[in-house]
Amino acid sequence: MVVKAIPARQPERVKQFSVFTANRLGRLHDLTHLLGSHSVHIVALTVLDTTDSAILRFVVDDPDRARELLLEHGFPFTESDLLVVEVDAATRLNELMSALLAAEININYLYSFIPHPQGKSILALSMEDNEMAEQVLRRHEFRVLRQMDISR
């Protein structure tokens, strides 16, 4: 009798939420208050604004609850996977960029996390190819984080 092994489930990639909103006073406050009042903590954040609208991109420690709250309160949003990597020294930033350049992998955008409790720097990267970028960075001994690494 041949027994087939079921592949182990990979831990979830880090989820990014992108909220599309009018560029008006207090909108970022509304979002941070909504999440914070329900014990959902933003751990990374970037804002892209234009004259009329803004995109609030962020990572939270409880994506399931954040998704529920955004839906319940009518925030238009999308979700995407990020490649999140720990950079334990500022001098390693160039090594990270060099590894991705050598592999010819494009970075769409990146932003940093709010300081990590353990003092490590963490970057959120939107990549052209997350799988390939992760393989390259692991080969160069960078620690790639998953959602469980940043969640409570």
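**Loops, helix faces and a strand pairing**

Glu141 sits in the loop that runs between α4 and β7. In this predicted model, Glu141 takes a positive phi of about 65°, even though this residue is not a glycine. Is Glu141 buried or exposed? Its relative accessible area comes to 67%, so Glu141 counts as exposed, the cut-off for that label being over 50%.

A second residue of this kind turns up in another loop. Ser39 lies between α1 and β2, and its phi is near 60°, again a positive value in a residue other than glycine. With a relative accessible area of 39%, Ser39 is partly exposed. There is a positive phi at a glycine too: Gly74, just after α2, has a value of about 70°.

Back at the helix that leads into the Glu141 loop, α4 covers residues 130-139, and its buried residues are Asn130, Ala133, Glu134, Val136 and Leu137. How do these residues end up on one face of the helix? Looking down the axis of α4, the buried residues fall within an arc of 165°, so they line one face. The general rule behind such a pattern is that an α-helix has 3.6 residues a turn, so residues three or four places apart point the same way. As for what lies against them, the buried residues of α4 pack against β4, α3 (92-102), β6 (121-127) and β7 (143-145).

Helix α2, residues 63-72, can be read in a similar fashion. Pro63, Ala66, Leu69 and Leu70 are its buried residues. Viewed along the axis of α2, they stay within an arc of 120°, so here too the buried residues line one face of the helix. Leu71 and Glu72 are found on the other side of α2, where they are exposed. Which elements do the buried residues of α2 pack against? The list takes in both strands and helices: β1 (14-22), α1 (27-36), β3 (53-60), β4 (77-87) and α5 (147-150).

One of those partners, α1, holds two residues worth a look. Arg27 is part of helix α1, and at 17% relative accessibility this arginine counts as buried, since the limit for that label is under 20%. Setting aside residues up to four places away in sequence, Arg27 touches Thr21, Ala22 and Phe75. Leu28 also belongs to α1, but with 32% relative accessibility Leu28 counts as partly exposed. Together with Leu45 and Val47, Leu28 makes a nonpolar surface patch of about 200 Å².

Val47 brings the story to the strands. Val47 is placed in β2 and is partly exposed at 41% relative accessibility. Beyond its neighbours within four places in sequence, Val47 is in contact with Leu28, Ile55 and Leu56, so defined by heavy atoms within 4.5 Å. Val47 and Phe58 are 11 residues apart along the chain, and their C-alpha atoms are separated by 8.5 Å.

How do β2 and β3 run relative to each other, parallel or antiparallel? Strand β2 (residues 42-49) and β3 run antiparallel, joined by 7 bridges. The link between β2 and β3 is a hairpin, made through 3 residues. Among the bridge partners, Thr46 is matched with Arg57 of β3, while Leu48 is matched with Ile55 of β3. Ile55 is thus a bridge partner of Leu48 as well as a contact of Val47.

Strand β3 also pairs with β1. The two run antiparallel, with 6 bridges between them, and Ala22 has Ser53 in β3 as its bridge partner. Ala22 is also one of the residues that Arg27 touches. Why is β3 described as largely enclosed? Of its 8 residues, 6 are buried, so β3 is largely enclosed by the rest of the structure. Strand β3 has β2 and β1 as antiparallel partners, and the buried residues of α2 pack against β3.

Key: Residues numbered from 1 in each chain as written. Predicted model: local features only at pLDDT ≥ 70, side-chain atom pairs only at ≥ 80, totals over all residues. Heavy atoms only, no water. Buried < 20%, exposed > 50% of the residue type's maximum accessible area, 1.4 Å probe, protein only. Helix = DSSP H or I, 4+ residues; strand = E, 2+ residues; numbered from the N terminus. Arc of directions from axis to C-beta. Patch = residues over 30% accessible without salt bridge, like charges linked within 9 Å, V, L, I, M, F, W, Y side chains within 5 Å. Areas by Shrake-Rupley, 256 points an atom, 1.4 Å probe, with all protein chains shown as cover. Salt bridge = Lys/Arg side-chain N within 4 Å of Asp/Glu carboxyl O. Pairing = 2+ DSSP bridges.
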